[in-house]
Amino acid sequence: MSIISYSIFRYLGTGQSLASLHFSFLIGKSTASVIIRETCVAIWNALHAAVMGQPQKEQWQEMADVFMQTCQFPNCAGAIDGKHIRIKKPVRTGSQFYNYKKYFSFVLFAMCDANYSFRYIDVGSYGSRSDSAVFAHSEFGKLLHDKALDLPENTALPGTTSPAMPFVFVADEAFALGENLMRPYSSRGLSLARRVFNYRLTRARRVVECAFGILANKWRFLHTPIHLKLETAISAVKAACVLHNFVRARDGFNFEDSLTHSLHSHRPSVVRGHRQGAAVREQFTAYFMSPHGALPWQLDSI
């Protein structure tokens with residue numbers, strides 16, 4: 001491995017400062033920054049299509065099958081969430097990157113499958129934005145809104161013949177409820193059936209939290225503020241995400257690495273869904289209480 005390759009992976013894997021790279025490899029700090037930017041762009045360009053290409057209908061179905069097998073949530077195509085990536089204040093940006101936790105950050109929005117691999121990412125939105133705003137302006141959010149994701153046709157839930165249910169993505173309360181986007185019920189005064197739905201949704205949604213944990217604990221530069229120019233920091237995070245998928249496919253993962261991470265979630269915002277989304281959620285709620293959809297342990301877990 002060349003000194004250049006070793007230095008970039010040393011940075012991504014440890015979060016070592018540019019000054020430390022300067023003394024370790026006898027290269028200037030500005031040179032180290034250029035190496036990081038150019039190498040991360042090259043990694044993204046080389047791996048993105050291979051490990052994070054847009055799924056086709058058959059792949060969406062396979063992803064939903066894995067969610068059903070591992071999380072027992074039918075017709076689930078993926079889990080979505082957003083995380084703050086801590087950075088130094090970008091020049092001439094005012095408070096755009098200043099988030100509610102009172103530090104500067106940009107947002108890593110991701111959709112992942114049940115194998116803890118990222119299938120879509122959007123990196124670089126202002127830290128002051130809410131998850132729902134980042135989602136709405138992301139390529140993935142626009143494709144979902146325009147029904148351009150090539151999802152499988154609506155199908156009945158396992159053990160039933162009707163109604164035909166859409167394929168959905170699961171998210172937390174920061175996202176708006178929609179026909180293809182399920183979020184939990186508000187926690188106030190919930191019926192037993194709605195508490196069961198929230199539990200079942202959380203079982204599926206946790207995979208994206210685990211994916212973030214694996215990412216941050218493998219590429220430890222995410223544990224500390226990134227002291228790079230904004231464009232370079234964004235390129236580094238994008239490179240880490242495709243490397244995450246590459247290593248995940250090659251080596252698997254250590255589940256303990258997914259339990260803790262230093263990435264912070266967005267503060268939940270008040271967002272409203274629409275009636276069609278509410279009707280789909282009610283159908284899932286009824287199914288999870290039915291003989292075909294209930295889990296033996298679900299009432300003991302809520």
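**Exercises on a predicted model**

Lys-147 is found in the loop between helix 6 and strand 4; helices (H or I, at least four residues) and strands (E, at least two) are DSSP runs, numbered from the N terminus. This is a predicted model, in which local features need pLDDT of at least 70, side-chain atom pairs count only at pLDDT 80 or more, and totals for chains, interfaces and linings use all residues. Residues are numbered from 1 along each chain as its sequence is written, and side-chain values use heavy atoms, with hydrogens and water left out.

**Exercise 1.** Describe the backbone and exposure of Lys-147.

*Solution.* Step 1: phi of Lys-147 is near 55 degrees, a positive value in a residue other than glycine. Step 2: most residues other than glycine have a negative phi. Step 3: Lys-147 has 58% relative accessibility and counts as exposed (buried is under 20% relative accessible area, exposed over 50%, partly exposed in between; 1.4 Å probe, protein chains only).

**Exercise 2.** Find the cis peptide bond at Pro-163 and place this residue.

*Solution.* Step 1: the bond from Ser-162 to Pro-163 is cis, with omega near -5 degrees. Step 2: most peptide bonds are trans. Step 3: Pro-163 lies in the loop between helix 6 (139–145) and strand 4.

**Exercise 3.** Place Lys-102 and state its phi and exposure.

*Solution.* Step 1: Lys-102 lies in the loop between strand 1 (76–86) and strand 2 (105–112). Step 2: its phi is near 70 degrees, a positive value in a residue other than glycine. Step 3: Lys-102 is exposed, with a relative accessible area of 63%.
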